Amino acid sequence: FARVDFPEPLSSEKLGAAGCISVGRRRLNQDPPDLTCPLPRLSRFRSMEEADKGEVFERNNKSRLDSHPGTPAGTATACRLTDDLILEILSRIPARSLHRFKCVSVRWRDLIADPANRKKLPQTLAGFLYTTTAGRNRHHFASVSCGAAPFDPSLPYLQPSKYKDMAQVDSCNGLLLYLSSSKNMVNPWALEEDDFRFVVCNPATGRWVELPPQPQAPADRFRYNCMAGLAFDPAVSSHFHVFCFEETTVETYMTGVNIYSSRTGAWSRRDGGIVEKVALFFYSKGVFLGGMMYVIGNPKGISNEHVLLGIDMQGKVRKTIPMPYGRRFGTIGSSQGCLLYAVSSVDDNNKILVSEIELWCLKDCDSKEMVLKHTASIDELMSMTGEKYRVVGIHPDCDTIFLVSHGGDTLVAYDMQHQKVGCIINLEKNTQRFLPYVPLFSESLADGDGR
């Protein structure tokens, strides 16, 4: 408020008679001052210069008061934002920040929590799909949000009514890729091509589509159909692509890739355009990021070295990136728009340190260099549980990795930035193939034709 200077000193008696109170002190039988009353009139200042200063001060403070959320004017300003406008703003922020905005107001909290708005708002990691084998593949879900599984991982509308068995292959931004068959698929790589079909599914909506058979492979080529990748970015398009890699039958190095497009509804075979011979890791997982599919392979003729291949949507290998500590296989994933690689450290004698994990990051989209981001010790976790661990996933919204015990019955979240153990989740025995799942509530599944 503006400072008030009276023309002549006033005694406390006169102030009391006038119904005013002295600054910093009030009588017990008086009501508290009304802070919403108008500021003093300009005539109460000693001079025009003081009046000008007081007017500016008054105007600035009034603006601040009006914009404060605790005042009626501030509330009126906030109310001018319609629900649609607020949702449009919230849809453009990261999922990690969305949960913080629940604290802004009750109205914002209700908008974010309303199931009707889930299609418009970004979602975060719900958990991991994984399989166990006992005569056939059995599907499970490990929730990392302390809630129930968001869907039935057995997909009852697909098996056993339509398919006898299904193998999880890949996940990408809410869609899942399965290898499905009318036969038992405990060993899917042993099946003939006519024995299976690829199926892409959105488990949040129950919509799915079966892909047509691939073109006939050349005589000297073999397809590792479980070494396939799903490419989907809902921020760019409602259409998805599936990559299925070909290798030679003798030397087992990559020669090309079949790419399915939901836009055309057909497969197309592309030559990889790679000069050096690289063998892809069997049954490993690819990562789709920034319009490229990334997979890990081993250059032929270079013993125990690993490289990261970046393959564009035309099937061309655009990047060949040497991996840190190339003699060991780590885990790749995407987080906060970056490609990350988690791997165990080594000591000065090149011995693997199972209790120390490093998190590497691809420098930028155009880079061919990995830079070290975090190093963390899991000694405390290992001593607490008596188990050794391997990395199976990376959180898409923060620097948290997910570890599975060597026995395969425990999933642990570990914050690499703050070096803290998060949730510890009990799993089924003999677990395999962990796929991260982020819900997608959009009804669109490009060519799902309503199924």
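User: Where is N173 in this predicted model?

Analyst: In this predicted model, N173 sits in the loop between β3 (165-172) and β4 (175-181). Its phi is positive, about 50 degrees, although N173 is not a glycine.

User: Why is N173 called partly exposed?

Analyst: The relative accessible area of N173 is 40%. Buried means under 20% and exposed means over 50%. The value of 40% falls in between, so N173 is partly exposed.

User: Which loop holds Q419, and what makes Q419 partly exposed?

Analyst: Q419 is in the loop between β22 (410-415) and β23 (420-426). Q419 has a relative accessibility of 42%. That lies between the 20% and 50% limits, so Q419 counts as partly exposed. Q419 also has a positive phi, about 55 degrees, and is not a glycine.

User: What makes F198 and W267 an aromatic pair, and why is the pair called tilted?

Analyst: Ring centres must lie within 6.5 Å. Nine aromatic pairs meet this rule. For F198 and W267 the centres are 6.1 Å apart, so the two rings pair. Their planes are 45 degrees apart. Stacked needs under 30 degrees and edge-to-face over 60, so 45 degrees makes this pair tilted.

User: How do you know that this pair links distant parts of the chain?

Analyst: F198 belongs to strand β5 (residues 196-202) and W267 to strand β10 (residues 266-271). The two residues are 69 residues apart.

User: Are F198 and W267 buried or exposed?

Analyst: Buried. F198 has a relative accessible area of 3%, and W267 has 11%. The limit is under 20%, so F198 and W267 both count as buried.

User: Why is the pair of F240 and Y260 called tilted?

Analyst: The planes of F240 and Y260 are 35 degrees apart, and the centres are 6.1 Å apart. The distance is within 6.5 Å, and the angle is neither under 30 nor over 60 degrees, so the pair is tilted.

User: What does the pair of F240 and Y260 tie together?

Analyst: F240 lies in strand β8 (residues 240-248) and Y260 in strand β9 (residues 254-261), so the pair joins parts 20 residues apart in sequence. F240 is buried at 0% relative accessibility, and Y260 is buried at 1%. Ring pairs link F198, F240, Y260 and W267 into a cluster.

User: What does L211 touch, and which residues have the most contacts in the largest nonpolar core?

Analyst: Beyond four places in sequence, L211 touches R197, F198, V200, F240, V242, Y260 and W267. The largest nonpolar core has 37 residues. Those with the most contacts inside this core are F198, V200, L211, F240, V242 and F245. A second, separate core of 17 residues includes L340, Y389, V412 and M416.

User: What makes S261 buried?

Analyst: The relative accessible area of S261 is 12%. That is under 20%, so S261 is buried. S261 is in strand β9. Neighbours within four places aside, S261 is in contact with F240, H241 and A266.

User: How many disulfides does the structure hold?

Analyst: Zero.

User: Are C103 and C172 buried or exposed?

Analyst: C103 has 69% relative accessibility, over the 50% limit, so C103 is exposed. C172 has 7%, under the 20% limit, so C172 is buried.

User: Which residues of helix α4 are buried, and how do you know that they line one face of the helix?

Analyst: In helix α4 (residues 83-90), I86, L87 and L90 are buried. Down the axis of α4, its buried residues fall within an arc of 100 degrees, so they line one face. Residues three or four places apart in an α-helix point the same way, because there are 3.6 residues a turn.

User: What puts the buried residues of α6 on the same side?

Analyst: The buried residues of helix α6 (residues 106-113) are W108, L111 and I112. They cover an arc of only 95 degrees around the axis, which puts them on the same side of α6. V106 and A113 are exposed on the other side of α6.

Terms used: Residues are numbered from 1 along each chain as its sequence is written. This is a predicted model: local features need pLDDT of at least 70, side-chain atom pairs count only at pLDDT 80 or more; totals for chains, interfaces and linings use all residues. Side-chain values use heavy atoms; hydrogens and water are left out. Buried means under 20% relative accessible area, exposed over 50%, partly exposed in between (1.4 Å probe, protein chains only). Helices (H or I, at least four residues) and strands (E, at least two) are DSSP runs, numbered from the N terminus. The arc is that of the directions from the helix axis to the C-beta atoms. A nonpolar core is a set of buried Ala, Val, Leu, Ile, Met, Phe, Trp, Tyr and Cys residues joined through side-chain atoms within 4.5 Å. Contact means heavy atoms within 4.5 Å. Rings of Phe, Tyr and Trp (its six-membered ring) pair if their centres lie within 6.5 Å; planes under 30 degrees apart count as stacked, over 60 as edge-to-face and the rest as tilted. A disulfide is a pair of cysteine sulfur atoms within 2.5 Å.
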